Amino acid sequence: GLVEVVRANQLDGVCYQIAQLVPGSFFGELSLIDSNPRSATVRAMTDCVTVYVDKTDFDGFLNQDKDRKVKFFQHALSLIASRLREVDENFVVSQY
């Protein structure tokens with residue numbers, strides 16, 4: 001389904017939508033990579049099917065195959081860069 005990614009403004013606590021993700025997208029990858037708490041909230045906008053991936057299991061899965069691990073991090077880095085560019089563009093537009 002369709003989900004929105006929201007983040008609260010630290011000054012007034014108001015939540016702002018920073019992205020929408022379509023079916024087949026994934027989220028939570030930053031926590032799988034760096035073990036830090038989530039940086040945003042994801043809310044379903046339509047009926048969704050989600051899958052929870054445990055970090056320990058995920059690390060074990062990646063560590064079984066060096067090529068798999070490299071491909072994951074290449075894809076994750078590309079996706080994170082793309083999402084950062086989108087958020088940056090939205091931030092600049094929202095300032096005017």
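The legends below describe close-up views of side-chain contacts in a predicted model.

**View 1. Phe58 and Phe72 form an edge-to-face aromatic pair.** The structure holds 2 aromatic pairs, and in the one shown here the ring centres of Phe58 and Phe72 lie 5.0 Å apart, with an angle of 75° between the planes. Phe58 belongs to helix H2 (residues 55-63) and Phe72 to helix H3 (residues 66-94), so this pair ties together parts that are 14 residues apart in sequence. Phe58 is buried, its relative accessible area being 13%, and Phe72 likewise counts as buried, at 18% relative accessibility.

**View 2. Phe72 also forms an aromatic pair with Phe73.** The geometry of Phe72 and Phe73 is edge-to-face, with 5.1 Å from centre to centre and 75° between the planes. Phe73 counts as partly exposed, because its relative accessibility is 36% and the buried class is reserved for values under 20%. Taken together, Phe58, Phe72 and Phe73 make up one aromatic cluster.

**View 3. The charged end of Arg68 sits over the ring of Phe61.** In this close-up, the charged end of Arg68 is placed 4.0 Å from the centre of the Phe61 ring.

**View 4. Arg83 takes part in a contact with the ring of Phe26 and in a salt bridge with Glu29.** The charged end of Arg83 sits over the ring of Phe26, at 5.5 Å from the ring centre, while the side chain of Arg83 also meets that of Glu29 in a salt bridge with an N to O distance of 2.8 Å. Glu29 lies in helix H1 (residues 29-34) and Arg83 in helix H3, so the salt bridge ties together parts that are 54 residues apart in sequence. The acidic partner, Glu29, is buried, with a relative accessible area of 7%, whereas Arg83 counts as partly exposed, at 22% relative accessibility.

**View 5. Glu4 and Arg43 meet in a salt bridge between two strands.** The model has 3 salt bridges, and the one in this view joins the side chains of Glu4 and Arg43 at 3.1 Å, taken from N to O. Glu4 is part of strand E1 (residues 3-8) and Arg43 is part of strand E3 (residues 41-44), so the pair ties together parts that are 39 residues apart in sequence. Glu4 is buried, with a relative accessible area of 15%, while Arg43, at 39% relative accessibility, counts as partly exposed.

**View 6. Lys55 and Asp59 form a salt bridge within helix H2.** The closest N and O atoms of Lys55 and Asp59 are 3.1 Å apart, and the two residues, both in helix H2, are separated by 4 residues, about one turn of the helix. Lys55 is partly exposed, with a relative accessible area of 24%, and Asp59 is partly exposed as well, with a relative accessible area of 28%.

Conventions
Residues numbered from 1 in each chain as written. Predicted model: local features only at pLDDT ≥ 70, side-chain atom pairs only at ≥ 80, totals over all residues. Heavy atoms only, no water. Phe/Tyr/Trp six-rings, centres within 6.5 Å; stacked < 30°, edge-to-face > 60°. Buried < 20%, exposed > 50% of the residue type's maximum accessible area, 1.4 Å probe, protein only. Lys NZ or Arg CZ within 6 Å of the ring centre and 35° of its normal. Salt bridge = Lys/Arg side-chain N within 4 Å of Asp/Glu carboxyl O.
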